[in-house]
Amino acid sequence: MIRIKGLYKDWKEFSLKNIDLEIKEGEYFVILGPTGAGKTLALEMIAGFHSPDKGEIWIGGQNLTDAPPEDRNIGFIYQDYSLFPHLDVKENVEFGLKLKKVSKDKIEEKTRDIMELLGISHLSHRQPSTLSGGEQQKVAIARAMVVNPRVLLLDEPLSALDSKTQDRLRDELKQLSEKQGLTMIHVTHDRVEAMALGDRIGVLMDGKLRQVGTPQQIFHRPLNEEIASFVGIDNIYEGESRIENGIARINLGELEIEAITGKEGKVKLCVRPEEITILRKGSRSSARNLFEGRVVRVSERYPLMKLTIDAGKEFQAVITKKSFLELNLKEGSRVYVSFKASSVHVL
Amino acid sequence: MKKTTRGGKHGKMLVLFGIASFLIVSFVVIILGEPVFTQLVFDLEGFIETCKDPEVLNCIGLTIGTSFMATGIAFLVGTPLAYILARKKFFGKRVIESIIDLPIMVPHMIAGIAIFSVFYRYGLIGKPLSPIVKFFDAIPGIVVAMLFVSVPFFINPVREGFQSVDPRLEKVARSLGATEWKAFYKITFPIAYKHILAGIGMSWGRGISEFAAVIILAYYPMVASTLIYERFLIGGLEYSRPVAVLLMLICLGIFISFRSVRK
């Protein structure tokens, strides 16, 4: 559906280097990356606002690398929604249809349908400046969707909203894409958003697409240390791996971790903080890592608690507030850190 | 306690600012109001007669008309430049901005001499155009002089207007199927229209008020300022003031209507 081949671009302080990407019809694709990685630039290039220095952009089997934005049939939604301030809500939504020389009745009908679908019919004659962030976003989506775009591009569409509205609209975006079968490319720096929305995620760092995969692959099987750290894995270690009876034993110096991997020799490994279980009493079981340690730091990440445990190596673990209280933990408590061999990802 | 002291300080500052504001507004009002008051109270008949004088009416009509022509040209040629200055970064942009501002700084008598030397019958532009258009002592001469002095007054507010339009609005319009042209006249232009109206008003007003730059190339046909000057030389204050007051009232009327449209 969308194919990007060997895309290069230098623009202001941003750059994109050798981007190769294929996005399927109806897919919800999230481009995840830190600020300044070139995410918006990538999106604007798909839309045709910038032309690439090198490379090609194909949409629906057509090479649109040099096509102007108006010939690409793409919907674009910015972080601030960019509603036209001199037009009311209905005029904003109709804008694209009026350009397409559609009959008046058809414009009325399509506008009414899309506004009903997004639940904004009652806002018809309001000026954009009087709308809440959530309402503005829906108007922007309606305005983009009414012309049946081949793909909807969303640039940090949730980041300007309060957290409650964010949660609600995240669900609505997902439902919308599923119901309408619309191809979406959504750019964000927010891991939770990427995890919740993406059928697949592409991690963009320093202008390079570092990894493309399902949320499961990105968050649990990151390709390298940099991606691991960006997707929230604090527990990254280096060690010497040797394989015994089909199970890898990785020597970190102070302790030895069991993992499931074929790699031997010097390796890096990571464990997601939420894969770690905290126990008051240790009981050994097969293919399970168990280390005794001491809680050195506790910080609240409501509704979760983040613990740092020194067990020869420092481990970061995330547990619920409820289990934190039940285990009667505080800084200095003696605990056991436990995680499955299958939770260990060797990079 | 602290709060009250602070509030008090602010209060004092505002009082001083208020006094300063009053002084500057009075300065303008007294200068412009005195002749109007004197004329309307002490010589209403003379004023009414002036209002009926065909020479006066012709001059004022000519002034308003030529200034509109100059503004029209500034609009057609200046709007694209204002847009480029608002949107693009390029080498030499500062230089172009300074050049556009020059007519504000150059003494207008000097501007008049410069305009004359370029547009008179043997001038750089006047000569090649001489078979088609005559500038010396003719309406085109008045228009070019007015255009020269009013260009910055049009371009600067319009550039600010375009700067205030988020370029992403144009991008979204493009993604919805608008060509570059359509995005400009359906989005950018209407959003910036208040600034454009301001530019038109300023440039038009500046044209009407121009005297020095106009008279050197085109003393005739007389614009209002030239007529007022001539009448002042011939008959002093009493002969020139009624025309001045009439022009002032007409301008005031037009400016007030401009302002109300902008709101």
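This is a short conversation about pockets, a cavity and domain contacts in a predicted model.

Trainee: I am new to this structure. How do I start looking for empty space?

Mentor: Welcome! Rolling a probe the size of a water molecule over the atoms shows where empty space is left. In this predicted model, a good place to begin is the largest pocket, which holds about 1100 Å³ of space.

Trainee: Which residues lie nearest the centre of the largest pocket?

Mentor: Look for Tyr83(B), Arg87(B), Lys88(B), Pro167(B) and Glu170(B). They belong to a lining of 30 residues. Two or more lining residues come from each of these elements: α1 (39-47) in chain A, and α3 (54-87), α8 (167-175) and α9 (180-191) in chain B.

Trainee: Which element gives the most to that lining of the largest pocket?

Mentor: That is α3(B), with six residues.

Trainee: How many residues of each class are in the lining of the largest pocket?

Mentor: There are 13 charged residues, 12 nonpolar ones and five polar ones.

Trainee: Now the second largest pocket. What is its volume?

Mentor: Its volume is about 440 Å³. This pocket has 16 lining residues, and nearest its centre you will find Arg191(A), Gly232(A), Arg272(A), Glu274(A) and Val318(A). In chain A, α6 (191-197), α7 (215-220) and β17 (304-311) are the elements giving two or more residues to this lining. By class, the lining has eight nonpolar, six charged and two polar residues.

Trainee: Which domains does the lining of the second largest pocket draw on?

Mentor: Both domain 1 (2-229) and domain 2 (233-346) of chain A provide at least three residues each.

Trainee: Then let us turn to those domains. How do I read the contact of domain 1 and domain 2 of chain A?

Mentor: Begin with the spacing, then move to the surface that is covered. The C-alpha centres of domain 1 and domain 2 of chain A are 38 Å apart. Seven residues of domain 1 and eight residues of domain 2 take part in the contact. Between them, the two domains of chain A bury about 750 Å², with 51% of that on carbon and sulfur atoms. On the domain 1 side, His220(A), Arg221(A) and Glu225(A) lose the most area, together 55% of what that side buries.

Trainee: How many salt bridges cross the interface of domain 1 and domain 2 of chain A?

Mentor: The rule finds one salt bridge there. You can also look at Glu225(A) and Lys268(A), which form a salt bridge with their closest N and O atoms 2.3 Å apart.

Trainee: And what of the domains of chain B?

Mentor: Chain B is split into domain 1 (1-42) and domain 2 (46-262), and their C-alpha centres lie 31 Å apart. The contact uses six residues from domain 1 and seven from domain 2. About 590 Å² is buried between these domains of chain B, 75% of it on carbon and sulfur atoms. In domain 1 of chain B, the residues losing the most area are Val36(B), Gln39(B) and Leu40(B), together 69% of what that side buries. Across this interface in chain B, the rule finds zero salt bridges.

Trainee: One last feature: how many cavities of 30 Å³ or more are there?

Mentor: The count is one. The largest cavity has a volume of about 70 Å³, and residues lining it include Ile4(A), Leu21(A), Ala42(A) and Leu209(A). In chain A, β1 (2-11), β2 (14-23) and α1 each supply at least two residues of its lining. The lining of the largest cavity has nine nonpolar residues, no polar and no charged.

Terms used:
Residues are numbered from 1 along each chain as its sequence is written. Chains are lettered from A and ligands numbered from 1 in the order in which they are written. This is a predicted model: local features need pLDDT of at least 70, side-chain atom pairs count only at pLDDT 80 or more; totals for chains, interfaces and linings use all residues. Side-chain values use heavy atoms; hydrogens and water are left out. On a 1 Å grid over the protein atoms alone, a cavity is a set of points where a 1.4 Å probe fits but cannot get out, and a pocket is an open set with protein on both sides within 12 Å along at least five of seven lines; lining residues have an atom within 4 Å of a point. Grid points are joined across faces, edges and corners, and a volume is the space filled by probe spheres set on the points. Helices (H or I, at least four residues) and strands (E, at least two) are DSSP runs, numbered from the N terminus. Ala, Val, Leu, Ile, Met, Phe, Trp, Tyr, Cys and Pro count as nonpolar, Asp, Glu, Lys and Arg as charged, and the others, Gly among them, as polar. Domain bounds come from an automatic or database domain assignment. Contact means heavy atoms within 4.5 Å. Buried area is the accessible area (1.4 Å probe) that two parts lose on being put together, summed over both. A salt bridge is a side-chain nitrogen of Lys or Arg within 4 Å of a carboxyl oxygen of Asp or Glu.
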